[in-house]
Amino acid sequence: MTSPHFRIRRIPLNAAAVVTVAVCLFPVYWMISTAFKPSRDIQSDEPRLVPYTWTLDHFRRAVEADGFGLFWRNSVLVTLGAVLLSLVVALGASFAVARLRWKGRRQFMLLVFVAQMAPWESLIIPIYIISRDTDMLDRLPTLTLVYFMITLPFTIVVLRGFLATIPPELEEAAQVDGCTRTGAFVRVALPLLAPGLMATSLFGFITAWNEFAYANFLIIKQQDNRTLPVWLSSFQNTFGTDWGATMAASTLFALPALVIFLVLQRHVTSGFAAGAVKG
């Protein structure tokens, strides 16, 4: 049992944690509550935390807006494509770094860390020029490759750390029983990598799903190839911003990432913890 003195010492820490959570969640709550408020209450001089009246008109306008279904499909295709491609490449790279011994392995990981630390916003102009010169502007595969490039370093680092926690003797035992090296990895190590795969998948999904800058700069002429983050800006025009529809669209936009996180929460927590144990 914990002593009363220990409990008293934890009160400031618990209070700080509660305040931090409240500060982080309040903008999300305000977004959701605004989505359900009538327009007259949104523009009121006396904002209220809890709406007096509730409406679904803003969600109806958001769903019926031009391009909602099309841009939703574009975001899903680009995000899933980038995540799957990143997992496949990172899985091979992390296996090579964690299990094999080859010249330049440390230098390779150093380059991966440097790529992870690089601010990707600073590469918008070079990537735009390369895309323009190779006739890859206004195409969804270009966005997929860019998001793959952004999420790949982090995926390699986490999977490599997670794979390092799995004893190689398990794979060696499978090889003694007749499995090839690849077969032993697929049958023994890969199932144990599930939490790490889920953790990196969630990170890649949120990164690609929320990205705005590249989607706005690389998709210029072909409006039908734009993604949901760019679509959200369509509720702003010369007459002002439709805040109700914007908040409703933002709420719908945030739902997929929230649902995936809640479903994978336990695996994601263990995956990040295990991936950070060994470097």
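Let us start in the loop between helix 6 and helix 7, where D135 has its place. Keep in mind as you look around that this is a predicted model. D135 has a positive phi of about 55° although it is not a glycine. Is D135 buried or exposed? With a relative accessibility of 53%, D135 counts as exposed, because exposed means over 50%. A second residue of this loop is worth finding too: D138 is also located between helix 6 and helix 7. D138 is not a glycine either, and its phi is positive, at about 60°. The surroundings of D138 are another matter, for at 13% relative accessibility D138 counts as buried.

Now step back from D135 into helix 6, which runs through residues 124-133. Which residues of helix 6 are buried? They are I124, I127 and S131. Looking down the axis of helix 6, you would find these buried residues within an arc of 70°, so they line one face of the helix. Here is some background that helps to make sense of such a pattern. An α-helix has 3.6 residues a turn, so residues three or four places apart point the same way. What do the buried residues of helix 6 pack against? Their partners are helix 7 (140-164) and helix 11 (213-218). Turn to the other side of helix 6 and you meet I125, I130 and D133, which are exposed.

D133 also takes us to the next topic, salt bridges. Side chains of opposite charge can pair when their charged atoms come close. In this model, the count comes to five salt bridges. One of them joins the side chains of R132 and D133, with 3.2 Å from N to O. R132 counts as partly exposed at 46% relative accessibility, while D133 counts as exposed at 54%.

Another salt bridge can be found in helix 3. There, R60 pairs with E64, and the closest N and O atoms are 3.6 Å apart. How are R60 and E64 placed in helix 3? They are four residues apart, which means that about one helical turn separates them. R60 is partly exposed, with a relative accessible area of 41%, and E64 is exposed, with 55%. Salt bridges that share partners join D57, R60 and E64 into one network.

For a pair that reaches across the chain, look at E171 and R99. Their salt bridge has its closest N and O atoms 2.7 Å apart. This pair links distant parts of the chain, with E171 in helix 8 (residues 168-176) and R99 in helix 4 (residues 68-99), 72 residues apart. Are these two residues buried or exposed? Both E171 and R99 are buried.

Helix 4 leads us on to the aromatic rings. A pair of aromatic rings is described by the distance of the centres and the angle of the planes. The count of aromatic pairs in this model comes to 11. Among them is the tilted pair of F68 and W231, with 5.3 Å from centre to centre and 55° between the planes. F68 lies in helix 4 and W231 in helix 12 (residues 228-231), so the pair ties together parts that are 163 residues apart in sequence. F68 is buried, with a relative accessible area of 16%, and W231 counts as buried at 3%. Follow the rings further and you can trace a cluster in which ring pairs link F68, W72, F205, W209, W231 and F253.

Next, visit T251 in helix 13 (residues 243-275). T251 is buried, with a relative accessible area of 9%. Which residues does T251 touch, leaving out those up to four places away in sequence? The answer is M31, I32, A35 and F59.

Our last stop is on the surface. F26, Y29, L49, V50 and W54 make a nonpolar surface patch of about 540 Å². One member of this patch, W54, lies in the loop between helix 2 (39-42) and helix 3 (57-64). W54 is exposed, with a relative accessible area of 55%.

Notes:
Residues numbered from 1 in each chain as written. Predicted model: local features only at pLDDT ≥ 70, side-chain atom pairs only at ≥ 80, totals over all residues. Heavy atoms only, no water. Buried < 20%, exposed > 50% of the residue type's maximum accessible area, 1.4 Å probe, protein only. Helix = DSSP H or I, 4+ residues; strand = E, 2+ residues; numbered from the N terminus. Arc of directions from axis to C-beta. Contact = heavy atoms within 4.5 Å. Patch = residues over 30% accessible without salt bridge, like charges linked within 9 Å, V, L, I, M, F, W, Y side chains within 5 Å. Areas by Shrake-Rupley, 256 points an atom, 1.4 Å probe, with all protein chains shown as cover. Salt bridge = Lys/Arg side-chain N within 4 Å of Asp/Glu carboxyl O. Phe/Tyr/Trp six-rings, centres within 6.5 Å; stacked < 30°, edge-to-face > 60°.
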